[in-house]
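Subject: Structure for you to look at

Hello,

Here is the structure I promised to pass on, with my notes below it. Please open it alongside the text and tell me what you think.

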Amino acid sequence: MTSRDAESGEDHPPDEADYLRTEFLERIAHELRGPAGVTLGTLDEMELALGPDADKIKQLMAMARRGARRVLRTAERLSRTAQLVGEHVEWSRAPSDLKTVLQRAVREAELTEARRGISVVLSVPSQPCTVAVDAPWLAVAVIELVVNAIAHARKVVSVTVNLEPGAAVIAVTDDGVGFAGPVQDRFAPPRDRRGLGLSLSIVKDVAVAHGGTLSVDPRKAEETTEARGATVRLTLPYAGATSATVEPGPHL
């Protein structure tokens with residue numbers, strides 16, 4: 001990315017901060033994708049070569065795939081952040097079935113961050129719910145929310161869709177220790193020792209780009225250190241009918 005002088009019209013190299021937050025992140029993402037992709041491809045070939053014997057190490061193969069997917073998710077977050085910071089995103093909104101987008105995103109999140117003893121339940125309206133969204137970017141946002149919830153949950157993560165007047169609200173709730181809002185600014189030192197601190201800023205940008213909002217339920221002052229959970233809500237504009245029956249989904 002280059003910057004243009006308003007008077008001379010000449011292009012200048014980006015300053016160090018711009019480079020670190022855009023092109024450098026893209027380069028790191030590229031370097032991570034290659035090895036992770038090779039690893040996943042190799043695991044597929046190994047499974048084919050082993051045939052029935054692959055069942056003996058099925059759990060180990062699954063662990064290796066999750067590890068590679070986590071590397072790919074890191075690359076994805078870095079790349080998406082670079083695109084957002086550099087304002088290189090061309091949002092392409094089209095009518096999409098929210099139920100389908102969520103089912104695929106939740107499944108991908110569980111494949112990436114599966115934890116023994118943690119169940120993910122998706123509940124969506126039984127009626128069709130068509131929203132005008134950039135489906136790939138919305139999927140990225142939902143994956144980030146669900147992966148984070150799985151990482152902090154004790155037993156269960158719930159993903160629900162509520163249709164309100166003019167809005168479709170996607171709520172992701174876990175039963176972990178919870179956290180305090182609001183969403184931190186991008187590149188601010190993260191409160192949590194784990195992770196990069198980029199997920200919620202990506203989700204917030206996706207929400208704003210769609211004319212929606214992102215909110216986090218604040219902790220209550222009287223709450224103790226016991227499990228209280230966290231609920232993050234992604235609200236999108238929705239022009240459809242709101243008399244919907246919620247259809248509880250399976251434990252994914």
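The buried residues of helix H3 are Met61, Arg65, Ala68, Arg73, Ala75, Arg77, Leu78, Ser79, Arg80, Thr81, Ala82 and Leu84. Please keep in mind throughout that this is a predicted model. What do those H3 residues pack against? Their partners are helix H1 (16-21), helix H2 (23-50), H4, helix H5 (135-152) and helix H6 (199-209). H3 itself covers residues 58-85, and its length checks out: at 1.5 Å a residue, its 28 residues should span 40 Å, and the end C-alpha atoms are indeed 40 Å apart. Just after H3, glutamate 87 takes a positive phi of about 55 degrees.

One of the buried H3 residues deserves its own paragraph. Arginine 65 has 13% relative accessibility, and because buried means under 20%, arginine 65 counts as buried. Which acidic residue does arginine 65 meet at 2.7 Å, N to O? That is glutamate 47, and the two side chains form a salt bridge. This pair links distant parts of the chain, with arginine 65 in helix H3 and glutamate 47 in helix H2, 18 residues apart. Arginine 65 also forms a salt bridge with aspartate 44, where the closest N and O atoms are 2.9 Å apart. Here too distant parts of the chain are linked, since aspartate 44 sits in helix H2, 21 residues from arginine 65. Both acidic partners count as partly exposed: glutamate 47 at 34% relative accessibility, and aspartate 44 at 40%.

Staying with charged side chains, the structure holds 10 salt bridges. Arg33, Glu76 and Arg80 are linked in a network of them. Another salt bridge joins arginine 233 to aspartate 217, with the closest N and O atoms 2.6 Å apart. Arginine 233 lies in strand E9 (residues 230-237) and aspartate 217 in the loop between strand E8 (213-216) and E9, so this pair ties together parts that are 16 residues apart in sequence. Arginine 233 counts as partly exposed at 30% relative accessibility, and aspartate 217 does at 32%.

Next, helix H4 (residues 98-113). Its 16 residues should span 22 Å at 1.5 Å a residue, which agrees with the 22 Å between its end C-alpha atoms. Buried in H4 are Leu98, Val101, Leu102, Ala105, Val106, Ala109, Glu110, Thr112 and Glu113. Looking down the axis of H4, you will find these buried residues within an arc of 160 degrees, so they line one face of the helix.

Finally, the strands. In a regular strand the side chains alternate between the two faces of the sheet. Strand E6 (residues 156-164) shows this alternation: Val157, Val159, Val161 and Leu163 point to one face and are buried, whereas Val156, Ser158, Thr160, Asn162 and Glu164 point to the other and are not buried. How does E6 run relative to strand E4 (residues 119-125), parallel or antiparallel? The two are parallel and joined by 5 bridges, with valine 120 opposite valine 157 in E6. Strand E7 (residues 167-174), in contrast, runs antiparallel to E6, and 8 bridges join them. Within that pairing, asparagine 162 has valine 169 in E7 as its bridge partner. The hairpin of E6 and E7 has 2 residues between the strands, and glycine 166 in this hairpin takes a positive phi near 80 degrees.

Happy to go through any of this with you.

Best wishes

Methods:
Residues are numbered from 1 along each chain as its sequence is written. This is a predicted model: local features need pLDDT of at least 70, side-chain atom pairs count only at pLDDT 80 or more; totals for chains, interfaces and linings use all residues. Side-chain values use heavy atoms; hydrogens and water are left out. Helices (H or I, at least four residues) and strands (E, at least two) are DSSP runs, numbered from the N terminus. The expected span of a helix is 1.5 Å times one less than its number of residues. Buried means under 20% relative accessible area, exposed over 50%, partly exposed in between (1.4 Å probe, protein chains only). The arc is that of the directions from the helix axis to the C-beta atoms. Two strands pair if DSSP finds at least two bridges between them. Contact means heavy atoms within 4.5 Å. A salt bridge is a side-chain nitrogen of Lys or Arg within 4 Å of a carboxyl oxygen of Asp or Glu.
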